[in-house]
Amino acid sequence: LNKKVQAIYLWWHKPVIDRELLQSLPNLKVIANSGVGMDHLDLKLVSSFGVKMANAPRAVSSSTADAGMALLLASSRRLVEVHHIAISSSMDYCEADFLGVKVSEATLGIIGMGRIGYKIALRAKAFEMKILYHNRTRRRAQDEQAVGATYCKNIDSLLQQSDFVMVTVNLTPQTRNLIGKRELELMKPTATLINISRGAVVDQEALVMALQTGVVRAAALDVTYPEPLPRLDHPLLKLKNVIITPHLGIKTDKATYMITEEAVENILAALNGLPMPSEVLPS
Amino acid sequence: MWYHKPVVNKELLQSLPNLRIVASSGVGIDHLDLNLLSSFGVKVSNTPFIVSTDTADLGMALMLASARRLVEGYEMAVSPDTEYFPADWLGAEVSGATLGIVGMGTIGYKVAERAKAFEMKILYHNRSQRKKEEESTVGAVYCKKIDDLLQQSDFVLLAVNLTPQTHKLIGKRELELMKPTATLINISRGLVVDQDALVEALQNKVIKAAALDVTYPEPLPRDHPLLKLKNVIITPHIGSATKKTRHIMMEEMTESIQAGLAGLPIPHEVL
C-alpha cells in the first residue's frame with residue numbers, strides 16, 4: 001500500500017508529516033494542504049524528499065475575512081455577553097449596561113495585508129472605517145486607494161492609532177510573538193485585538209495580563225495556542241471581555257468545497273508534471 | 001424618554017397639565033399615541049438619523065454571528081467538556097450569498113452598503129422603489145412582491161417601521177416561502193414578526209435560524225421557547241447602544257426639549 005501512495009490531502013494538519021512517514025512513502029509526489037497556513041509543515045524536510053507542496057489560498061480568503069469581521073462586530077457590540085444575559089433566567093439587568101463601541105468611522109489597523117487582510121479592508125471600508133495597515137512590503141497605490149488604506153511602515157504608529165487591531169499574518173519565525181507586552185501597551189486602552197492568523201503570533205500570557213488590567217479593552221480570537229486551550233482554568237476561557245471561537249475561519253460549506261477543489265487541481269497538476277496553481281516552495 | 005418609559009397614556013397626560021414636549025430616544029415612535037399627544041397639545045420628537053449606522057452595523061453583526069455560528073462556537077471553545085474541535089462543524093458562507101432587505105429606508109440602505117462589500121447579492125422590498133442610482137450603487141434589485149424576495153434569499157433582514165401595515169408582516173405564510181436554509185434577522189420591532197409562527201418555523205426547520213435584536217415583549221418571559229432554541233441569537237435591543245451614539249442622542253433630545261420649551265421650531269419633530 002505504501003508504494004501506491006502518490007498524494008496526500010492534508011485535512012486539519014493530519015496526518016503528521018514527519019521523516020518516518022516520508023520515508024515510508026517512496027512514491028509520494030505531492031502534499032496538498034486544506035487551508036492556507038503552512039506553519040505545521042517542515043517545508044525543507046518535505047522538499048528534501050522531492051515532494052511538492054500546495055496550499056489553498058484562493059478558497060479561504062473570503063470565509064476568513066468574513067470570520068474576522070464577524071469577530072470584530074461581535075466584540076464591539078458585546079454580542080456573546082449580552083446574548084447570554086438576554087436568554088438567562090434572571091431578568092435582573094439594566095439596559096444602560098449594554099453599551100458597546102461604535103464600529104462605523106472607527107480606525108481599523110490591519111497587520112498583514114495579504115489576500116485575507118485586503119478582503120477585510122474591502123469589507124471595513126463599507127463600514128466607513130478608517131484603515132491603516134502594516135505589511136512586509138507596501139501595496140500598490142491603486143490597491144491602497146481602492147480601500148482607502150494608509151501604510152504604516154512602523155507597526156507602532158498603527159498600534160497607537162487603531163480602535164481595532166486585526167492580525168492576519170502568516171506564522172513564520174519573524175511573526176512569532178509579534179504582538180507582545182510592548183505592542184499591547186502601545187495600543188489604546190479602548191482598543192480591541194482580533195486574531196484570525198495563528199495563536200503563536202500573539203504572546204498569550206502578555207495578552208491575558210493586558211486584558212485583566214485594562215491595557216486593552218477586549219480581544220476576539222479565532223486561534224489560540226494550543227487549540228483547544230487547556231480546560232483546567234485557562235484565564236482566556238473565563239475573561240468577560242474575550243470571545244474565543246474554535247478556529248472556524250474557513251469552516252463553511254462553500255469554503256470546504258472550494259478548498260477541496262483547489263487541492264485536487266494541485267494534486268492532478270503535480271502528478272501530471274504540470275505547473276501547480278498554488279505551489280508552496282521552501283523559502 | 002428612554003426605553004419606552006414612562007408609558008404615555010391619557011392618565012399621565014391629564015396629570016401633567018404643563019407638559020409641552022415628549023422627546024423620545026431612538027427613531028421608532030410606535031410606542032407613542034401621536035393623536036392622543038396632539039390632542040393634549042404636546043409635541044413629540046425622536047432621534048432619527050443618528051441611530052442608523054449602529055443599527056445597520058448590528059444587523060450585519062447578527063447576520064454574521066448567526067451564519068458562522070459564533071455563539072455556539074464560543075460555547076464549544078470555552079466548554080469544560082471540549083477535547084478537540086470537530087472537523088465537520090460548519091457554518092454558512094456569507095460572502096456571495098443573497099440578502100433580502102425588507103424595508104429600504106436609511107437603515108436598510110446602510111445595511112445594503114455594508115453587504116455589498118461582502119459580495120452579497122442584494123434584493124429589497126419597500127413601499128416604493130428607490131432611485132436607479134441608489135439601487136446601482138449597492139447593486140440592489142427591487143422586489144415589488146415580498147414573495148419573490150423571500151423565495152430567493154439566504155438571509156432576510158427586517159428594517160421596516162412598525163405600523164398597522166407592517167404588524168405581523170412576517171407570519172406563517174412568509175416563513176414557509178423562505179428557503180429551509182434561510183436565516184431571519186430582525187432589527188426593526190418584535191411585532192413585525194408573528195412570534196408564535198416563528199417559534200414553530202424554527203422548531204420544525206421551516207427556516208434554519210433567527211437572530212433577533214427585538215422581540216415582543218422586551219424582555220421575553222423567561223420560559224419563552226425562543227430563549228431555548230439553539231438556532232436563535234437574541235440581543236436585548238442594542239441597535240443604538242454605543243457610547244458615542246447614545247451621547248449624541250442625548251444631545252439631540254436636549255436640543256429638542258429646549259426648542260420645545262422656548263416655542264421655537266423643534267429639530268426632529270414628529271408630526
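**Exercise 1. Count the salt bridges between chain A and chain B, and give one example.**

Solution. Apply the criterion: a side-chain nitrogen of Lys or Arg within 4 Å of a carboxyl oxygen of Asp or Glu. Between chain A and chain B this gives three salt bridges. One of them joins A:Glu128 to B:Arg114, with N and O 3.3 Å apart.

The model is predicted, so local features need pLDDT of at least 70 and side-chain atom pairs count only at pLDDT 80 or more, while totals for chains, interfaces and linings use all residues. Residues are numbered from 1 along each chain as its sequence is written, chains are lettered from A and ligands numbered from 1 in the order in which they are written, and side-chain values use heavy atoms, with hydrogens and water left out.

**Exercise 2. Describe the side of chain A that touches chain B.**

Solution.
- Step 1, polar contacts. The rule (a pair of N or O atoms within 3.5 Å; within protein, one able to donate a hydrogen and the other to accept it, and residues adjacent in sequence counting only if both atoms are side-chain atoms) finds 25 residue pairs across the interface of chain A and chain B, both residues at pLDDT 80 or more.
- Step 2, elements. Helices (H or I, at least four residues) and strands (E, at least two) are DSSP runs numbered from the N terminus. Those giving two or more residues to this side of chain A are α3 (57–76), α4 (79–87), α5 (115–126), β10 (242–244) and α10 (253–271). The most come from α3(A), with nine residues.
- Step 3, classes. There are 33 nonpolar, 14 polar and 12 charged residues. Nonpolar means Ala, Val, Leu, Ile, Met, Phe, Trp, Tyr, Cys and Pro; charged means Asp, Glu, Lys and Arg; the others, Gly among them, are polar.

**Exercise 3. State how many residues of chain A and chain B are in contact, and the area the chains bury.**

Solution. With contact taken as heavy atoms within 4.5 Å, 59 residues of chain A meet 59 residues of chain B. The two chains bury about 5,100 Å², 62% of it on carbon and sulfur atoms. Buried area is the accessible area (1.4 Å probe) lost when two parts are put together, summed over both.

**Exercise 4. Examine how domain 1 of chain B meets domain 2 of chain B.**

Solution.
- Step 1, bounds. The domain assignment, automatic or from a database, gives domain 1 (10–49 + 242–262) and domain 2 (51–80 + 91–234).
- Step 2, area. The two domains bury about 660 Å², 49% of it on carbon and sulfur atoms. B:Asp30, B:Phe49 and B:Thr245 supply 61% of the area that domain 1 buries against domain 2.
- Step 3, salt bridge. The rule finds one across this interface. B:Asp30 also forms a salt bridge with B:Arg189, the closest N and O atoms being 3.0 Å apart.
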